[in-house]
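Grab a pencil and keep the viewer open. Here are some short exercises, each with a worked solution.

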Amino acid sequence: MRVSFTNGTAAQQDRVLVAARAWSKYANIHFEKVSDGPSEIRIIFDHKKNSSVIGTDADLPTFFGVASMHYRGFRPGPDVIAHEFGHALGLHHEHQHPGLTIDWNREVVYAFAEAEFGMSRFDVERNIFDRHGWSGKSVGRFDRDSIMIYEIPADWTNDGFSIGNTPVLSWRDRSDIGDFYPYQGAVQATYWNDGRYTLLSRGLHQKMLSKTWDGNAWNVADDFDTAL
Ligand SMILES: [Zn+2]
């Protein structure tokens, strides 16, 4: 995916790409900085809030020539960058999971979000309170460790529900992104003289797996990692 910037120094831009690679380590995604021509991810620094449009929405006519990802200041944290790139890869907020019922202390959240992030009540409803619909296979079980969840202090809820800081991709984040952007499948097949058949394949996280057909059943060998 091509990434372009409208401002910031080369060093500020490059550290965004480094943090974004938290995702490309686990999936068939590559981010490349471009200085002209079209780009899927268009970043502007020093904006009033951190945000990104979701996935291919960046290609909608309303977004032509307009930034698709915004950061407050010029040095967002790696966790913020990973979160916004998660949106750019098509991921929604985990705290808006359709299976989750949070008893929000709404006035506290409105006040905090406006003071801290300049968010309107509409922004708060759309980004925090509203729950997404079930959309089949793309919705798994709720993952409270996801990088796509907001930190929720206990005083934001009426029943003490809270979520701590989630600074890195969770196990589920890594697994899911590998499913959504998979590597190629089988990379090598070998027939042996004794009639066995071995298939070497590349699975999630670029992990190499091998299994052998012995004429009756597949025997899964000890899998091994490529140097990553
Ligand atoms: Zn977000």
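**Exercise 1.** Find the contacts of Ala-20, leaving aside its neighbours within four places in sequence.

*Solution.* Start with the rule: two residues are in contact if their C-beta atoms, placed from the backbone, lie within 7 Å. Apply that to Ala-20 and you get Phe-31, Ile-81 and Phe-85.

Before going on, note that this is a predicted model, where local features need pLDDT of at least 70, side-chain atom pairs count only at pLDDT 80 or more, and totals for chains, interfaces and linings use all residues. Residues are numbered from 1 along each chain as its sequence is written.

**Exercise 2.** Work out which elements and domains build the largest nonpolar core.

*Solution.* A nonpolar core is a set of buried Ala, Val, Leu, Ile, Met, Phe, Trp, Tyr and Cys residues joined through C-beta atoms within 7 Å. Buried means that 20 or more other C-beta atoms lie within 10 Å of a residue's own; exposed means 12 or fewer, and partly exposed is in between.

- Step 1: the largest core has 25 residues, and Ala-20, Trp-23 and Ile-43 are among those with the most contacts inside it.
- Step 2: S1, helix H1 (10-24), S3 and H2 each give two or more residues to this core. Helices (H or I, at least four residues) and strands (E, at least two) are DSSP runs, numbered from the N terminus.
- Step 3: at least three of its residues come from each of domain 1 (2-88) and domain 2 (92-181); these bounds come from an automatic or database domain assignment.

**Exercise 3.** Put the five strands in order and find the edges.

*Solution.* Two strands pair if DSSP finds at least two bridges between them.

- Step 1: strand S1 (residues 2-5) runs parallel to S3, joined by three bridges, with Val-3 partnering Ile-41.
- Step 2: S3 (residues 41-44) also runs parallel to S5 (residues 69-70), through two bridges; here Ile-43 stands opposite Met-69.
- Step 3: the whole open sheet reads S2-S1-S3-S5-S4, with mixed pairing. S2 (32-33) and S4 (51-52) each have a single partner strand, so one side of each is left without a neighbour in the sheet.

**Exercise 4.** Is Thr-101 buried or exposed?

*Solution.* Look in the loop between helix H2 (78-88) and helix H3 (106-117). Thr-101 counts as exposed because it has 10 C-beta neighbours inside 10 Å.
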